[in-house]
Amino acid sequence: MDPGDTNSEPHRERSAFALLAGVHLKQNWRRLEAVLLQSKLLSVTVLLFIVGYCWLSFALFYRAMRFVGAFPGLGDLLVERMIFILFAFLFALLLISNLVISYSNLFRNRETNFLHCLPISPNAIFQWKFLESTVVASWAFLFLIAPLLVAYGLVEDVDWTFYPVTVFMVLMFVILPAIAGAWSAIGLARYMDRRFFQYTTLGLGVLVLVALAFWLKPDVVTDDMLETRVMLVLDRLLKNTQFSQFAFLPSYWLASGVISWSEGAISATGFFMLVMLSYGLFWGRFTMVMAGSPLYEAASAVQSRGPVASRWKWVQWLDRGKRNRSKAWSPGFLERFFGLLFWMPPDFRAVLVKDVRVFWRDTSQWGQSLLLFGLLAAYIVNLKNFSSKLNNPFWIHLISYMNLGACSLNLATLTTRFVFPQFSLEGKRLWIVGMAPIGLKKVIGIKYTLACLISMSLTGILIFMSCHMLNMPWMQIGYFTFVIAVMALTLNGLAMGLGVIYPNFKEDNPSKIVSGFGGTFCLVLSFLYIVGSIAILAVGSPWREQTVPWVVALGWGSFTVLSLGLGLIPYRIGINRLRHMEI
Amino acid sequence: MIELKGLVKQFGDLIAVDGIDLVVPRGEFFAVLGPNAAGKTTTIKMMVGLVKPTRGSAVVAGYDIQQNPLKARERLAYVPDFPFLYEKLTPLEFMRFTGQLFKIDHDRVRKEGEQLARRFHLDAFLHKPIEGLSHGTRQRVAIASALLHDPEVFVIDEPMVGLDPQHARIVKDILKERSQAGMTVFLSTHQLSVAEEMADRIGIIHQGKLIAMGTSEELRRQSGQDGALEKSFLRLTTETESAVTHP
């Protein structure tokens, strides 16, 4: 029987919240059933991936904590500080995540509009949407910290009570950014134009990243200082992380509660739990009772707002060409730019120009990429701050491979998020692109080329910079840049191929296309490819202390076969499917 | 009944609806026509309470939609041009859900639901997931669900889109019957023939204003055009456009 089923029940009045919960439970159950029915093999693969991810992240956290904890005299302090910093950053990410998801769930959602027309109070609508947004925004956080907390528990050798208490504290904690995110979304919707908000947020984001790149500079430490005043030096080194111990941050309450319980300080944990509980109860109750009316005001404001940007003088000045009839039909900047590629047929160029325009005008798309690569760039720029003290080839080597891993993981996110849904979206516009004499096969080829060019440039620059910051020789810089280029070709081929094999022509929203089975499978395969490739390349690295030529050759051979197999085979299968595809 | 008093809606600098006054009495079938971006959908959105008017008020079934939204919505049904339906539910489950939202007795939901399903030729689809249904069938599911609570006021935007002639006929017949039984219907459409055939009165909205209103005969007289309603519509909307362009 479906969850939420009411078939057999005699009639009794149910609250709107319970009805909505029942309907959504039923819908999600059927989605899950459909996924399980689609392919058992793929379901098992995804399940294994989830288990594998949890195990791998647990192992990494555990080893990292053991390693840091073994630092003489400072281990515990460093582990504690890491927990504080991690929770502070996760709190910030949860806030952003809740804000974005609440905004789209409350104001860009067809169901919400549908519910506003029914005899349901705005409070009930808000309560349901709040729960939905909180779950969607927080599941990844729970998925991320579960292995961390298990690893921490094992390192600290805690008793079993630590785990249920931690689960309870984490649940109380996630409510707080959810409430803040929901109110911020309502406030922004009520008082700020969406586009203006997007540009402002992106601008602020870039500023923060630039600030981070220059602010997070550790002090120079001499060997004498380390020998005499270790605590003082440590304080100076970690001074930029002290914000994470600000007593009014919810992440501080959670981290303090977790650490206190592991140390047996039960009353301290009780205190922090009560702090979180009281904040959660007060603001939770306040929000559940009071948010309905502002929600309706904000929803109405969102539907009533004219474009703010079009009223700005400088935007009007930039758009002057569009208003001038004689200039309105003349080629734009992109047409002129791609016109320089004179050897390319005009239909190829038209698809390229269209794809770049569509991407650029969807702020949320390039905003996410900018955030991902911006964070990576900030980290890489900071590498120079400590690479001057890094003389040990082992560490340089380790960091360079970890950088390769980080870059390729970012790349995989990019290809899964943007390249995978390309064909599904094009299928929706089949009446124009698919019917044009260019043919879908060529359209797929153009998209693949464009995606490769963009992703190779971005990741190539990042890897080049990171190697350069680590003062690596040119030979090694070339090696890593070449490797990331091969990985870009493979990951794009995989995403494009799987996108054609598992299309979804019903959805307009690329993020929903990605969240389907094909998208998840693409992400899993990309992740496995990256982990496998980095492991193979690291084992067969020609710059290890004791290099065995056949191991190097085997490493390179395996990497080549893996890359060709995962990049080429799905792409070829996808192109073959196109010939017989009925859309 | 519906009563719109001095309804104004402004989007930034743009006045989308500019002072509409309108009374649609109980049991009247009122159709509203207008070119694209005339302000029809915005008027409807204010009428059903999705958007707050900049000025003026909308009273539906005796309740101001801003002052008493829940009371008004209990007596109102709204079917937009692309209605939202839960894709993974079946039409039967969706109708039952709608009935529960409107707090209708279970037996009544079953009785009304069976009748509506039969009238709208939905019997064969009642247990199939909505995601697999054609656009026309979805439209019928939406209309049937909206009629389930026997609304006093029925607001519908472009009801015939995606419907084949047979099902379009069924929808027209049911709406007409309900209207004759006392339900007030407010229909927005681009299909002049539908408006002419179904409506007791037709209103033409252009550039946010209600520029003409009356029976199809009265509209012909107002425009000074005999024959098809299309001529009157084009004449009236063109006249307003020239008046705005060359005051």
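Me: How far apart are the axes of helix α3 (residues 75–107) and helix α6 (residues 162–191) of chain A?
Reply: In this predicted model, helices are DSSP runs of H or I with at least four residues and strands are E runs of at least two, numbered from the N terminus. The pair packs at about 50 degrees (axes are lines fitted to C-alpha atoms, for helices over the stretch in contact; angles run from 0 to 180 degrees between N-to-C directions). The spacing of the axes is 7 Å.

Me: What do we call the arrangement of α3(A) and α6(A)?
Reply: Under 35 degrees would be roughly parallel, over 145 roughly antiparallel, 65 to 115 roughly perpendicular, and the rest is oblique. The crossing is right-handed (near helix turned clockwise from the far one by less than a right angle; anticlockwise would be left-handed). The angle therefore makes the pair oblique.

Me: How many nonpolar residues sit in the contact of α3(A) with α6(A)?
Reply: Contact here means C-beta atoms, placed from the backbone, within 7 Å. A:Phe91 and A:Leu95 are among those in α3(A), meeting a set in α6(A) that includes A:Val174 and A:Leu188. Ala, Val, Leu, Ile, Met, Phe, Trp, Tyr, Cys and Pro count as nonpolar, Asp, Glu, Lys and Arg as charged, and the others, Gly among them, as polar. The split is no charged, 4 polar and, for nonpolar, 15.

Me: Which handedness does the crossing of α2(A) and α5(A) have?
Reply: Helix α2 (residues 40–69) and helix α5 (residues 122–156) of chain A pack at about 40 degrees, axes 8 Å apart. They are therefore oblique to each other. The crossing is right-handed.

Me: Which element gives the most to the side of chain B that touches chain A?
Reply: Residues are numbered from 1 along each chain as written, with chains lettered from A and ligands numbered from 1 in order of writing. Local features need pLDDT of at least 70 and side-chain atom pairs 80 or more, while totals for chains, interfaces and linings use all residues. The contact takes 27 residues from chain B and 29 from chain A. With 4 residues, the top contributor on the chain B side is α3(B).

Me: Which strands stand at the edges of the chain B sheet?
Reply: The open sheet has 4 strands in the order β2-β1-β4-β5 with antiparallel pairing (pairing takes at least two DSSP bridges between strands). Each edge strand has a single partner, so one side is left without a neighbour: these are β2 (14–24) and β5 (63–64).

Methods. Contact = placed C-beta atoms within 7 Å.
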